[in-house]
Amino acid sequence: MRRPIILLAAAMTLVCLLAATAMAATTLTYANFPPATTFPCIQMEHWKEEVEKRTGGALAIQTFPGSTLLGAKNMLRGVQTGQADIGCISLPYYPGVFPAMSVLNLPVAFTSTKVASLTMWDVYQKHRPAELGDVKVLTLFTSAPSNIMSKEPVRQLSDLKGMELRASGSILNILAGLGAQGVGMPMSQTPEALQKGVVKGLVSSFDVLKDFNFAELCRFETITNMPVYPFAVIMNKACWDALPDDVKKTLDDLGREQAQWTGEYLDKHINDSLAWSKEQYQVEVFTLTEAEHEEIRVKSAGLVDEWKGEAAKAGLDADTILNDMLAFKAKYEAEFGK
Ligand code: DTR
């Protein structure tokens with residue numbers, strides 16, 4: 001008669017313990033700078049869902065899009081100091097801070113976000129540069145190749161003369177070489193700069209035509225295939241160290257998969273965005289001649305040497321990093337196409 005009671009008591013204790021563990025789920029904050037509709041935030045929500053599902057609810061993620069917790073420029077410091085547990089940074093917004101990983105921002109003619117994002121992941125895994133050593137890298141991805149979106153038509157490169165265009169990172173140098181006036185600022189400040197007429201357009205990937213409704217103001221699009229912008233999703237180191245091993249493994253297993261998911265999402269989304277812009281605002285799309293593409297290549301070539309110089313100054317083996325990146329790029333292009 002006593003045995004079933006003891007068993008019942010033991011079972012109830014177990015249920016209570018399990019419930020307590022489930023209730024003691026850790027909630028982490030995840031900050032992002034652009035609005036919720038943009039691809040860095042779409043990937044954030046996808047990651048959150050996957051993490052919550054795969055950890056069986058042991059880890060909950062509270063997301064803060066649109067600079068509601070940290071903005072584009074204080075994101076890195078904010079994660080390092082624990083103002084947010086997780087944050088998404090665009091590396092070109094921090095000149096000189098990421099000498100190794102800024103290799104992804106060079107003009108090496110990436111044509112697919114999936115290829116660029118997986119390449120970035122592999123470069124990081126192989127070199128584990130010290131510049132990201134004081135945070136935990138959760139995933140990495142890039143934007144799609146950059147093009148010009150402007151209020152006035154850029155039918156040919158010579159139309160760029162003196163035109164103020166918002167950009168960041170290596171694209172500012174490329175624009176300078178082409179006679180345009182690059183104005184550096186994070187994407188989150190661009191809507192206001194366009195509204196106020198501080199700039200006549202921007203250089204980024206076409207997703208923003210729809211996601212920021214830039215197509216309304218920038219009715220002219222010129223395909224230039226300029227560099228991609230690399231991004232990193234980083235976690236505060238102490239926060240990472242405090243996580244249980246099984247949760248760490250779940251997050252580690254998700255890193256590369258998330259890079260690929262984001263690349264695939266964006267490759268599809270830029271096509272949707274351009275089609276939407278044509279339909280909604282009848283935007284005009286210009287292509288350049290082969291000779292003009294060659295001119296961009298020639299005028300950007302110095303950037304690779306400049307990057308090598310900076311990387312060497314930072315004590316890095318620049319040639320190996322660059323060659324590895326080109327080899328990973330070629331491998332993924334062979335696997336997935338350009
Ligand atoms: N870091 C980028 C690239 C970018 C492309 N699409 C978006 C959307 C939201 C933020 C950034 C981006 C840039 O600044 O252009």
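1. Start with α10. This helix gives six residues to the lining of the second largest pocket, the largest share from any element. The model is a predicted one, and that applies to every point below.

2. The rest of that lining is worth a look. In total, 19 residues line the second largest pocket. P107, V108, A109, N225 and R297 are the ones nearest its centre. The strand β9 (220-226) joins α10 in supplying at least two residues each. By class, 13 of the lining residues are nonpolar, five are polar and one is charged. The volume of this pocket is about 350 Å³.

3. Helix α10 returns in the largest pocket. There the helix contributes four residues, again the largest share of the lining. Residues 290-313 make up α10. A second helix, α5 (170-177), also supplies at least two lining residues.

4. Now the largest pocket as a whole. Its volume comes to about 580 Å³. The lining counts 26 residues. Nearest the centre lie P95, G96, S102, G169 and S170. The class split is 15 nonpolar, eight polar and three charged residues.

5. Where does the ligand sit? Its place is the largest cavity. Searching the whole structure turns up one cavity of 30 Å³ or more. The space in the largest cavity is about 160 Å³. Its lining has 17 residues, with F39, Y93, M187, S204 and F231 nearest the centre. Two elements, α2 and α7, give two or more residues to this lining. Ten of the lining residues are nonpolar, five polar and two charged.

6. Next, the shell around the ligand itself. The ligand is surrounded by 17 residues. The closest are S90, Y93, R166, S204 and D207. Y93 and S204 are also among the residues nearest the centre of the largest cavity. Helix α2 spans 39-54 and α7 spans 207-211, and each gives the shell at least two residues. D207, one of the closest residues, is where α7 begins. The shell divides into ten nonpolar, five polar and two charged residues.

7. Which side chains place a polar atom by a ligand oxygen? R166 does so at 2.6 Å. For S204, a side-chain N or O atom is 2.8 Å from an oxygen atom of the ligand. S90 approaches a nitrogen atom of the ligand instead, with a polar side-chain atom at 3.1 Å. How much of the ligand's accessible area does the protein cover? The cover is 100% of the 350 Å² that the ligand has on its own.

8. To sum up, two sites deserve separate treatment in any figure. One is the ligand site: the ligand sits in the largest cavity, and α2 and α7 each supply at least two residues of the shell. The other is the pair of pockets, where α10 provides four residues to the lining of the largest pocket and six to that of the second largest.

Notes
Residues are numbered from 1 along each chain as its sequence is written. This is a predicted model: local features need pLDDT of at least 70, side-chain atom pairs count only at pLDDT 80 or more; totals for chains, interfaces and linings use all residues. Side-chain values use heavy atoms; hydrogens and water are left out. A residue is near a molecule or strand if one of its heavy atoms lies within 4 Å of it. A polar contact is a pair of N or O atoms within 3.5 Å; within protein, one must be able to donate a hydrogen and the other to accept it, and residues adjacent in sequence count only if both atoms are side-chain atoms. Accessible areas come from the Shrake-Rupley method with a 1.4 Å probe; for residues, only the protein chains shown count as cover. On a 1 Å grid over the protein atoms alone, a cavity is a set of points where a 1.4 Å probe fits but cannot get out, and a pocket is an open set with protein on both sides within 12 Å along at least five of seven lines; lining residues have an atom within 4 Å of a point. A molecule sits in a cavity or pocket if more than half of its atoms lie within 2 Å of its grid points. Ala, Val, Leu, Ile, Met, Phe, Trp, Tyr, Cys and Pro count as nonpolar, Asp, Glu, Lys and Arg as charged, and the others, Gly among them, as polar. Grid points are joined across faces, edges and corners, and a volume is the space filled by probe spheres set on the points.
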